Amino acid sequence: RRPSWILHCKMLATASTLSLSYAAPAAPAGASLRHARPAAAPPLMETKADLEALAKDLNPAVGFWDPLALSDYSFWGTSQEATIGFLREAEIKHGRIAMAGFVGYIVHSNDIRWTFDKVAASVPTGLPAPAVWDAIPDIAKWQIILFVGVMESWRENKVVLEAEGQKHYMSGGKPGYFPSFDLLPHPVPFPLFDPFGISKRATEEKKAKGRLAEINNGRLAM
């Protein structure tokens with residue numbers, strides 16, 4: 001009769017061989033994971049030559065105009081391309097804010113109020129638009145500032161961007177891109193950018209034309 005330790009060693013050797021020879025079954029072709037991360041978008045580091053070409057598309061009469069030569073700098077020890085990404089994002093962002101502010105100026109100058117908004121209803125009518133800001137309660141002002149800060153933090157968050165296959169605008173990401181709110185634990189019915197999905201049905205040519213129009217209108221509003 002063989003000793004028990006010999007049988008024990010054979011059993012261990014057989015188990016090790018089986019475990020090493022096991023191969024997990026391959027996923028069927030075309031199958032996709034439900035929570036698979038989108039493929040990362042290729043980095044797009046714009047150069048000064050790209051800015052000059054963009055300027056001609058935006059306004060051939062004016063062309064490239066950079067009196068302070070900001071596009072030649074390297075902010076915060078980064079590269080010139082990263083600085084251009086920052087400048088492009090800043091222009092688009094401030095242009096959007098200026099366009100929204102222009103609409104708000106018209107609304108407040110004409111005493112337009114939502115009937116269900118008690119804060120707005122408490123503000124006297126007949127005031128010029130700048131005076132409306134002074135008339136609203138301080139808590140309402142802080143609420144607006146806090147909301148803007150949250151949106152800014154969400155836009156800059158690296159984890160949020162990577163979850164959608166995007167990069168930061170100073171690392172080759174899309175200037176003006178705003179991520180969705182899919183990572184939030186509380187469901188948000190609409191994304192901030194294109195809430196009704198209009199641009200999804202547009203052709204690439206129409207999208208490019210819309211991006212140029214947005215920059216021009218933003219500049220006009222500023």
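**Close-up views of an all-helix chain**

**View 1. The chain from end to end.** Starting at the N terminus, the elements run α-α-α-α-α-α-α-α. That makes eight helices and zero strands in this predicted model. As for how much is tucked away, buried residues account for 20% of the 222 residues in the chain.

**View 2. The second largest pocket and the residues around it.** Here we look into a pocket with a volume of about 620 Å³. Its lining counts 22 residues, and those lying nearest the centre are F64, W65, D66, E91 and R219. Which helices each bring at least two residues to this lining? They are α2 (48-58), α3 (80-109) and α8 (204-221). Of the contributors, α3 gives the most, with five residues. Sorted by class, the lining of this second largest pocket holds 13 nonpolar residues, along with five polar and four charged ones.

**View 3. The largest cavity.** Now for the enclosed spaces: searching the whole structure turns up two cavities of 30 Å³ or more. The largest cavity, shown in this view, holds about 40 Å³ of space. Around it sit L44, M45 and E46, then E81 and G85, and finally Y169, G173 and P175. By class, that lining splits into four nonpolar, two polar and two charged residues. The two charged ones are E46 and E81, since Glu counts as charged, while G85 and G173 make up the polar pair because Gly is counted as polar.

**View 4. The second largest cavity, with α3 and α8 in its lining.** This cavity has about 30 Å³ of space. Its lining is made of E91, I92, G95, E214, I215, G218, R219 and M222. Both α3 and α8 supply at least two residues here, and the largest share, four residues, comes from α8. The class count reads three nonpolar, two polar and three charged. If E91 and R219 look familiar, that's fair: they line this cavity, and they are also among the residues nearest the centre of the second largest pocket.

**View 5. A nonpolar patch on the surface, mostly from α6.** Moving to the outside, what forms the nonpolar patch? W133, W142, I144, I145, F147 and V148 do, and together they have about 650 Å² of accessible area. Helix α6 (residues 138-156) provides the largest share of the patch, five residues. Take I145, a patch member that sits in helix α6. Why does I145 count as partly exposed? Its relative accessibility is 44%, and the partly exposed class runs between the 20% cut-off for buried and the 50% cut-off for exposed, so I145 falls inside that range.

**View 6. P124 in the loop between α4 and α5.** The last close-up is on P124, found in the loop that links α4 (118-121) and α5 (129-135). Is P124 buried, partly exposed or exposed? With a relative accessibility of 48%, P124 counts as partly exposed, because exposed would need over 50%. For a sense of where this loop residue sits, look across to D111: P124 and D111 are 13 residues apart along the chain, and their C-alpha atoms are separated by 8.9 Å.

How values were computed:
Residues numbered from 1 in each chain as written. Predicted model: local features only at pLDDT ≥ 70, side-chain atom pairs only at ≥ 80, totals over all residues. Heavy atoms only, no water. 1 Å grid on protein atoms, 1.4 Å probe; cavity = no way out; pocket = protein on both sides within 12 Å on 5 of 7 lines; lining within 4 Å. Points joined across faces, edges and corners; volume = space filled by probe spheres on them. Patch = residues over 30% accessible without salt bridge, like charges linked within 9 Å, V, L, I, M, F, W, Y side chains within 5 Å. Areas by Shrake-Rupley, 256 points an atom, 1.4 Å probe, with all protein chains shown as cover. Salt bridge = Lys/Arg side-chain N within 4 Å of Asp/Glu carboxyl O. Buried < 20%, exposed > 50% of the residue type's maximum accessible area, 1.4 Å probe, protein only.
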